[in-house]
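Me: I have a protein model here and would like to go through it in steps. Please keep the answers short and show the reasoning.

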Amino acid sequence: MIPQDDIPNWHIAQLRPNGLLMALRNLERQSVAHFAPTELCTERRGAKFVTRDVPAFPGYIFVQPSPALGGISVVNSTRGITKLVTLGQGPAIVPAGLIAALRLRFSPPDITPAPQFDQGDRVKILDGPFAELVAQVDATPVAERVYLLINLMGRATRVAVDARSLKREAG
C-alpha cells in the first residue's frame, strides 16, 4: 500500500486565453498528469446542427504534479497556464474521489451496439429496480429499448428497459 504522503495531490490550474492545447502539449512533455473534461455540445449554425467537444470547465484544467518531477513549480511555469488556483496560502487541493467521479461522468459514451431480442425471448434484467428478474420480451420498437412483460403480484406488467441491461436466458 502506498503511504498517503507519497500520492501527489490534484490541483486546479487556470489557463491562459485559448491556452488549452498549448497547456496540454506542454504538460505531456513534462510528464504531469492532467485532466481536461469535455462534453459534446450541439448548436445550431445557420440551417445546420453542429456537434463538437467543448470544455466542461472553460479556462481551467486539473493537474497532478509529481514532487519527484518538480511539483507545483513545474505547473506554474508551464506555457498555456496562468497559475494554480489558490485557497488561503497554498494551492487548492481537489480530492482524488472528485477527480474519479468527474472521469466517470465525462468518459466517452458507450457505443457498443445494443443486443437484439425477438418477441417471446426470455431475458434476465441486470440492473435497475427490476434487477435479477426474469421476464419475457413483448416488443422491440427501437434497437436500444425493449418492452418486457414482468410478473408482478400475479399480474403481467409491461415495462420499458434499455436493451444493454438485459441478458438472454437459456431455454
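## Loops, cores and a pocket

Me: Is M153 buried or exposed?

Reply: This is a predicted model. The relative accessible area of M153 is 86%. Exposed means over 50%, so M153 counts as exposed.

Me: Where does M153 lie, and what is its phi?

Reply: M153 is placed in the loop between β12 and β13. Although M153 is not a glycine, its phi is positive, at about 55°.

Me: Which loop holds E132, and is E132 buried or exposed?

Reply: E132 is not a glycine, yet it has a positive phi of about 75°. It is found in the loop between β10 and β11. Its relative accessible area is 52% and the cut-off is over 50%, so E132 is exposed.

Me: Which residues does E132 touch, leaving out those up to four places away in sequence?

Reply: Contact here means heavy atoms within 4.5 Å. With residues up to four places away in sequence not counted, E132 touches K124 and I125.

Me: What separates the C-alpha atoms of E132 and A47?

Reply: Along the chain, E132 and A47 are 85 residues apart. In space, their C-alpha atoms are separated by 47 Å.

Me: Which strand supplies the largest share of the largest nonpolar core?

Reply: In soluble globular proteins, nonpolar side chains tend to be buried together. The largest nonpolar core in this model has 13 residues, and F117, V123 and I150 are among those with the most contacts inside it. At least two residues of this core come from each of β10 (122-125), β11 (134-139), β12 (145-152) and β13 (155-162). The largest share, 3 residues, comes from β12.

Me: Which residues does I150 touch, not counting residues up to four places away in sequence?

Reply: I150 is one of the residues with the most contacts inside the largest core. Beyond four places in sequence, I150 touches I125, F130, L133, A135, R155, A156, T157 and V159.

Me: How many residues are in the second, separate core?

Reply: This second core is separate from the largest one, and V32, V63, V75 and I81 are included in it. Its size is 11 residues.

Me: Which element gives the largest share of the lining of the largest pocket?

Reply: The largest pocket has a volume of about 200 Å³. Its lining has 13 residues, with T38, E39, F106, S107 and P108 nearest the centre; the lining divides into 7 nonpolar, 2 polar and 4 charged. Both β3 (38-45) and α3 (96-105) supply at least two lining residues. The largest share, 3 residues, comes from β3.

Terms used. Residues are numbered from 1 along each chain as its sequence is written. This is a predicted model: local features need pLDDT of at least 70, side-chain atom pairs count only at pLDDT 80 or more; totals for chains, interfaces and linings use all residues. Side-chain values use heavy atoms; hydrogens and water are left out. A nonpolar core is a set of buried Ala, Val, Leu, Ile, Met, Phe, Trp, Tyr and Cys residues joined through side-chain atoms within 4.5 Å. Buried means under 20% relative accessible area, exposed over 50%, partly exposed in between (1.4 Å probe, protein chains only). Helices (H or I, at least four residues) and strands (E, at least two) are DSSP runs, numbered from the N terminus. On a 1 Å grid over the protein atoms alone, a cavity is a set of points where a 1.4 Å probe fits but cannot get out, and a pocket is an open set with protein on both sides within 12 Å along at least five of seven lines; lining residues have an atom within 4 Å of a point. Grid points are joined across faces, edges and corners, and a volume is the space filled by probe spheres set on the points. Ala, Val, Leu, Ile, Met, Phe, Trp, Tyr, Cys and Pro count as nonpolar, Asp, Glu, Lys and Arg as charged, and the others, Gly among them, as polar.
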